[in-house]
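Thanks for sharing this one. Here are a few notes to read alongside the model, in no strict order.

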Amino acid sequence: MFQQNKHHQQQQQQQQQQHQQHQQGVVQSGVASAAVNNPSESIVAGNIYECSLHGILSTPSSTFIQRAKGMMRCEHPVSYKEMIFKSTVQSAGPSWVEGSILPSEIHVRYEKNNVYVRYVGVPQIKDNINAMIRNVVDIKSSETFFLYLENLGYVKDYEYFVDGYQYSTYNLSLFLVNHRRVLTDGTKGELLNKHSMVELQCLSGEEGFVAAAEYLNTYAEYLYPFVELIKFDHRLLTTDNNNNSNTQTNVNVANGGYNR
Amino acid sequence: MGYKCIFSYKGQLPEMTKRIEFLGGVKVSTGTINCSLYLERVPDGSNLIPREFHLLLYDEKPKKCFTLCRDTIVETDREMVSILEKTNSYKKRQTTEALVSKYELGDFIIRVGTILFRTESRGILVEVEYTACSTPVTSPFNCTKLLSEFINGNLGPFPEPIQTSFDFSAYPTLPKSYSDLHTSYQYVNLFRTIN
């Protein structure tokens, strides 16, 4: 999910600068946070990776929130609409064929009349690292970006509302959110899942995956009595020999309970 | 930001810089203006006409980029380039670059430099900005006449009088006041004409 509230991110950045000496080589999230702290300032593109763990909160949220507040330093509400645009051009060949064109996705978040654009890469398969790792690029844009995407040949694939809270400390962010459908008139519909989704997330450079995953799992252990945070492995979305879909809990975790 | 007039002409760069310095212009900096054309990747052998867009980068605005597709222009963080490369749906096909020197001359800022297309010179780029003008583009009190007098009277002579008014009415998404988006439209139209 996106790093959000400016004021919160400014506080986080200050903490990160102090804490980074201690967490050398773990994350470069101070770099990425700067982009959201002051969207008019760019960040070094490089390669930023989002390391995350997911879970479904099935226990009372009040006790979980108390634990989260105790562990984290900042809390602020999140509320935005996320739209996923997909390109319409693709070739018939598989991904490994030279010249093959696969449809690409661009995520656009609309929050308080601000437009944020995100590229989310395919999860990297690293069996020795207990966290989902995806390359991400975040930028700020304007409302004309929607028209621009249409002109580029992208169409809206699906969308949903996200409401909840973000708790953060140093290089970590914990999201407790609900997803809602978007009705035909653009307003919020019913909840996609009666349970809230929990995501623990930090950003890392290419050299810090192992340390970032350890960092995440250390925090996840403190949350274990309330929610089990796991690495979502998309390879588990398979069919068995009888061609029955193997609907793991991971599916609901990753999709936030909504249906495409 | 003041209103800008951007044009090119076939001449010698030293002649233009001498005229500017003779008028009292002071060189303050140099930079580049980069305009890249991206074409949509289409399957081999298909009859699809690839879409295209132009991407503008200014050295003076290292954190921003401007992308123009059809009649829509968007200002984003410069990492938009990274997003476009990673999504792999568009590929850069050609680049036009202008190496410009910036001069300050009273209320005017003049940028002048050589336009390069594949290392080949395509003329001299001149951008004249009147910083004192802040009226909307469509206002009858805009500075196009003043710019015309300044450019044609002081920076010339030119083979034909330089037109200083640009019709932005075809681009409804532009703000009312002159901005970097208006400048980017002028640059893209200029580079399209040259190439």
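The points below go through a predicted model, starting with chain A and then moving to chain B.

1. Let me begin with the overall make-up of chain A. You will find six helices and nine strands in this chain. Of its 260 residues, 53% are buried. Looking at contacts in chain A with a separation of 6 or more, 69% are between residues 24 or more positions apart.

2. Helix 3 of chain A, residues 61–71, is a nice one to view end-on. Its buried residues are A:F64, A:I65, A:A68 and A:M71. Seen down the axis, these buried residues fall within an arc of 125 degrees, so they line one face of the helix. The face turned away from that buried side carries A:Q66 and A:G70, both exposed. As for what covers the buried residues of helix 3, the list includes four strands of chain A, namely strand 1 (48–57), strand 6 (154–169), strand 7 (172–182) and strand 9 (196–204), together with helix 5 (209–223).

3. Please also have a look at A:R134, an arginine in strand 5 (residues 132–141) of chain A. Is this residue buried or exposed? Its relative accessibility is 18%, and because buried means under 20%, A:R134 counts as buried. Setting aside neighbours within four places in sequence, its contacts fall in two stretches of chain A: A:I48, A:Y49 and A:E50 are among them, and so are A:V120, A:G121, A:V122 and A:P123.

4. Now to the aromatic residues. Over all chains, the structure holds 21 aromatic pairs. One of them joins A:F145 and A:Y148, with 5.6 Å from centre to centre and 50 degrees between the planes, a tilted arrangement. Both residues belong to helix 4 (residues 145–152) of chain A, where they are three residues apart, about one turn of the helix. In an α-helix there are 3.6 residues a turn, so residues three or four places apart point the same way. A:F145 is buried, at 0% relative accessibility, and A:Y148 is buried with a relative accessible area of 0% as well.

5. That pair is part of a cluster with members from both chain A and chain B. Which residues do ring pairs link into this cluster? They are A:F145 and A:Y148 from chain A, and B:Y38, B:F53 and B:Y90 from chain B. Another ring in chain A has a charge for company: the charged end of A:R109 sits over the ring of A:Y80, 5.1 Å from the ring centre.

6. In chain B, helix 1 (residues 13–22) can be read in the way I read helix 3 of chain A. B:M16, B:T17, B:R19 and B:I20 are its buried residues. They cover an arc of only 155 degrees around the axis, which puts them on the same side of the helix. On the other side, B:K18 and B:F22 are exposed. The buried residues of helix 1 pack against strand 1 (3–9), strand 6 (90–105), strand 7 (108–117), strand 8 (120–130) and helix 3 (144–155) of chain B. Just after helix 1, B:G24 takes a positive phi of about 105 degrees.

7. Two arginines of chain B deserve a glance for their backbone angles. B:R70 has phi near 55 degrees, a positive value in a residue other than glycine. This arginine lies in the loop between strand 4 (61–69) and strand 5 (72–77) of chain B, and B:R70 is exposed, with a relative accessible area of 54%. For B:R118, phi is near 55 degrees, again positive in a residue other than glycine. B:R118 is found in the loop between strand 7 and strand 8 of chain B, and its relative accessible area of 59% makes B:R118 exposed.

8. Last, a pocket. The second largest pocket has about 310 Å³ of space. Its lining numbers 19 residues, and those closest to its centre are B:I6, B:F7, B:S8, B:I162 and B:Q163. Which element gives the most to this lining? Strand 1 of chain B does, with five residues. Strand 1 and helix 4 (180–194) of chain B each supply at least two residues of the lining. You may recall strand 1 of chain B from point 6, where the buried residues of helix 1 pack against it.

Conventions: Residues numbered from 1 in each chain as written. Chains lettered and ligands numbered in written order. Predicted model: local features only at pLDDT ≥ 70, side-chain atom pairs only at ≥ 80, totals over all residues. Heavy atoms only, no water. Phe/Tyr/Trp six-rings, centres within 6.5 Å; stacked < 30°, edge-to-face > 60°. Buried < 20%, exposed > 50% of the residue type's maximum accessible area, 1.4 Å probe, protein only. Lys NZ or Arg CZ within 6 Å of the ring centre and 35° of its normal. Arc of directions from axis to C-beta. Contact = heavy atoms within 4.5 Å. 1 Å grid on protein atoms, 1.4 Å probe; cavity = no way out; pocket = protein on both sides within 12 Å on 5 of 7 lines; lining within 4 Å. Points joined across faces, edges and corners; volume = space filled by probe spheres on them.
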